[in-house]
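Got a model open and wondering where its labels come from? Let's go through a few of them.

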Amino acid sequence: MAPIPKNIIITGAGGFIGPLLAARLLNDPGYRVILTDLADPVVPEGIKYPQNVTTLKGDICDPTFVSSLLAAAAPLSAIFIFHGIMSAGSEANWDLSLRVNVNSVRDLLVALKNTYPGVRVIYSSSQAVYGQPLPAGKVTDDVMPTPEGTYGAHKLLTEIFINDMHRRGFIDAFSLRFPTVSVRPGRPTNAASSFLSGMIREPMKGEECVVPLKDRSFRSFLCSPDSLQENLIRVLNMDSSKLPKHIRHINMPGISVSIQELLDALAKYGGENKLKYIKEETDPDLERIIRSWAPEIDTTTPLKLGLIKDESADSLVKQYIDSLKS
């Protein structure tokens, strides 16, 4: 007799990372995946086990909906908490960020404590928890988070809440501080970092992308969709004891990439003619946010934990452009 599939919830499944992870899980008969979002969740195409996916559209801020979601996933093995308001959206609407990025996650975690005590929780935090003053070199595990934006502040609030819940044994949690994922397919988002995908994605469609600063030496910490997908699976199966009970965050691996390096890779793999679609216009609000972020994070700890990282700006861009040909 085949083993019973493990039930996995993915919130925020109408976005990009949820379907990316779901595609991997639904090619394995060992998982049943419950996708949920305020909009209709996206079911990945071409999966081997479409019978193992359930979609639930609803408001994660509504306690009644949360109860029905948790009931639909019984018995729950793990939950990936991906829903949220992005960085620029959080800065524009503090109350909405508080409601979605803090209150809804807190209430969901308490519901999990009461319904599935000890369940594996994987929370999508962000490297936006770091702000000035930053060290001259890489941000190491010893650097204190000092967020300079609402998004990073609200992520850090939730990390601390998760640390205490894990320490008390209420949940079995990891908080993953994501780099910027590039190159994301699909539409632009309201993230301040959206241009870091758009400057490759839009020119490949013959469309203009606005880069919100005039500094091609500016560096960002990026990872590819493929490496993130693999690392999410590795964290799902990670031994909980690899981190201290009261410190549950992992700085997910990435690479430090400049705007110029991305432009060079676009020209190399997409063609020099694609550069004409790049428009550089200073946006003071967006530039303030992205310059507050760490340009490079030390990856020693996540690599010791068994996670992987990308090789170069070339590899990020080539991965995306090759995907357009398949």
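Here are some questions about the cores, rings and a pocket of this predicted model.

Q: Why is the pairing of phenylalanine 80 and phenylalanine 82 called tilted?
A: Their ring centres sit 5.6 Å apart, with 50° between the planes. Centres within 6.5 Å make a pair, and planes that are neither under 30 degrees nor over 60 degrees apart count as tilted, so that's the label. The structure holds 2 aromatic pairs, and Phe80, Phe82 and Phe178 form one aromatic cluster.

Q: What does it take to call phenylalanine 80 and phenylalanine 82 buried?
A: Both are classed as buried, which means each has under 20% relative accessible area.

Q: What makes the set with Ile10 and Phe80 a nonpolar core?
A: Its 35 residues are buried and of the listed nonpolar types, joined through side-chain atoms within 4.5 Å, so they count as a core. Ile10, Leu25, Phe80, Leu176, Leu232 and Ile250 touch the most other members. Among the elements supplying at least two residues each are strand 1 (6-11), helix 1 (17-25) and helix 7 (225-236). A second, separate core has 29 residues, including Val183 and Ile290.

Q: Which residues count as being in contact with isoleucine 10, beyond four places in sequence?
A: Those with heavy atoms within 4.5 Å; among them are Leu21, Leu25, Val33 and Phe80.

Q: How do you know what sort of lining the second largest pocket has?
A: Sort its residues by class and you get 7 nonpolar, 3 polar and 4 charged. Pro145 and Leu156 are nonpolar, Glu159 and Arg177 charged, and His249 polar; these five lie nearest the centre. Helix 5 (residues 150-167) gives the most to the lining, with 4 residues.

Key
Residues are numbered from 1 along each chain as its sequence is written. This is a predicted model: local features need pLDDT of at least 70, side-chain atom pairs count only at pLDDT 80 or more; totals for chains, interfaces and linings use all residues. Side-chain values use heavy atoms; hydrogens and water are left out. Buried means under 20% relative accessible area, exposed over 50%, partly exposed in between (1.4 Å probe, protein chains only). On a 1 Å grid over the protein atoms alone, a cavity is a set of points where a 1.4 Å probe fits but cannot get out, and a pocket is an open set with protein on both sides within 12 Å along at least five of seven lines; lining residues have an atom within 4 Å of a point. Rings of Phe, Tyr and Trp (its six-membered ring) pair if their centres lie within 6.5 Å; planes under 30 degrees apart count as stacked, over 60 as edge-to-face and the rest as tilted.
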